[in-house]
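Open the model in a viewer and keep the sequence panel visible. The stops below say what to select next and what is there.

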Amino acid sequence: MKTVIICNGEITDYSYSTKVIQSADYVICADGGTRHTYAMGIDPDIIIGDFDSSSSEYLEYYKNKGIKVEKHPIEKDKTDSHICILKALDFSDEIVILGATGNRLDHTLANISLLKIGIDRGVKMYIADKQNEIFLIDREITISGKPGEYFSVIPFTPRVEGICINGAKYELNDAVMEFGDPYGTSNEFKEKKVHISIKSGYLLVIKSRD
């Protein structure tokens with residue numbers, strides 16, 4: 001089952017997000033993400049959060065439509081996004097997170113770090129917006145694109161070993177990357193598919209568009 005989680009970060013292109021949502025089997029809205037679902041005319045299957053950022057107007061609108069609302073306390077150890085991910089992991093084999101990036105860099109970094117939960121549970125999970133698709137890997141991944149499009153690989157642990165990249169302008173074979181030396185930024189697709197694998201550590205893989 002494919003689940004889309006809609007968070008309260010920036011969504012700059014509703015047409016892109018709507019297409020992603022339409023491909024989903026289940027939609028979870030995290031608190032203030034209701035501003036996005038309302039603007040897109042989307043009815044989520046459930047709204048989860050402490051509701052410190054969601055407009056009461058949107059909440060009442062969805063409650064009146066019979067949408068399930070799950071309320072959590074404001075003072076808690078997990079963010080609304082984290083709670084939504086844990087719920088989705090109970091029944092999903094793919095999770096796409098929208099609205100997970102934006103002006104709040106702390107929230108963006110926290111959401112990126114949550115991708116590790118997908119690895120731990122063996123579930124494909126990534127963050128998407130019009131400009132980026134963000135993955136975290138501990139083994140391998142194949143990404144698709146057009147020749148000349150950009151992708152970057154960035155170490156998310158102090159050291160990532162055994163990095164191999166095939167199908168790219170700049171290929172690697174059993175390379176090492178260390179945190180603070182991001183030489184894998186702005187690589188390019190040479191083929192329509194790029195395969196990336198590592199032997200140890202965690203590696204961010206980001207497919208980007210200007």
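Rings of Phe, Tyr and Trp (its six-membered ring) count as a pair if their centres lie within 6.5 Å; planes under 30 degrees apart are stacked, over 60 edge-to-face, and the rest tilted. This is a predicted model, in which local features need pLDDT of at least 70 and side-chain atom pairs count only at pLDDT 80 or more, while totals for chains, interfaces and linings use all residues. Residues are numbered from 1 along each chain as its sequence is written, and side-chain values use heavy atoms, with hydrogens and water left out.

**Aromatic residues**

Select Tyr38, Tyr58, Tyr61 and Tyr62, which form one aromatic cluster. The structure holds six aromatic pairs. In the pair of Tyr38 and Tyr61, the ring centres are 5.1 Å apart and the planes stand at 85°, so the pair is edge-to-face. Tyr38 belongs to helix α2 (residues 34-40) and Tyr61 to helix α3 (residues 56-64), so numbered because helices (H or I, at least four residues) and strands (E, at least two) are DSSP runs counted from the N terminus. The two residues are 23 apart, and the pair links distant parts of the chain.

Colour by relative accessible area next (buried is under 20%, exposed over 50%, partly exposed in between; 1.4 Å probe, protein chains only). Tyr38 is partly exposed at 35%, and Tyr61 is partly exposed at 35%.

**Pro44**

Move to Pro44, in the loop between α2 and β3 (46-49). Is Pro44 buried or exposed? Its relative accessible area is 2%, so Pro44 is buried. Contacts here mean heavy atoms within 4.5 Å. Leaving out residues up to four places away in sequence, Pro44 touches Val27, Cys29, Thr37, Tyr62 and Ile67. A distance label from Pro44 to Tyr26, 18 residues away along the chain, should read 7.7 Å between C-alpha atoms.

**The sheet**

Show the strands; two of them pair if DSSP finds at least two bridges between them. An open sheet of 10 strands runs in the order β4-β3-β2-β1-β5-β6-β7-β14-β9-β12, with mixed pairing. At its edges are β4 (68-71) and β12 (187-188), each paired on one side only. Zoom in on β7 (residues 132-137) and β14 (residues 203-208), which are antiparallel and share six bridges. Asn132 stands opposite Ser208 in β14.

**Domains**

Finally, colour domain 1 (2-130) and domain 2 (140-208) separately; the bounds come from an automatic or database domain assignment. Their C-alpha centres are 27 Å apart.
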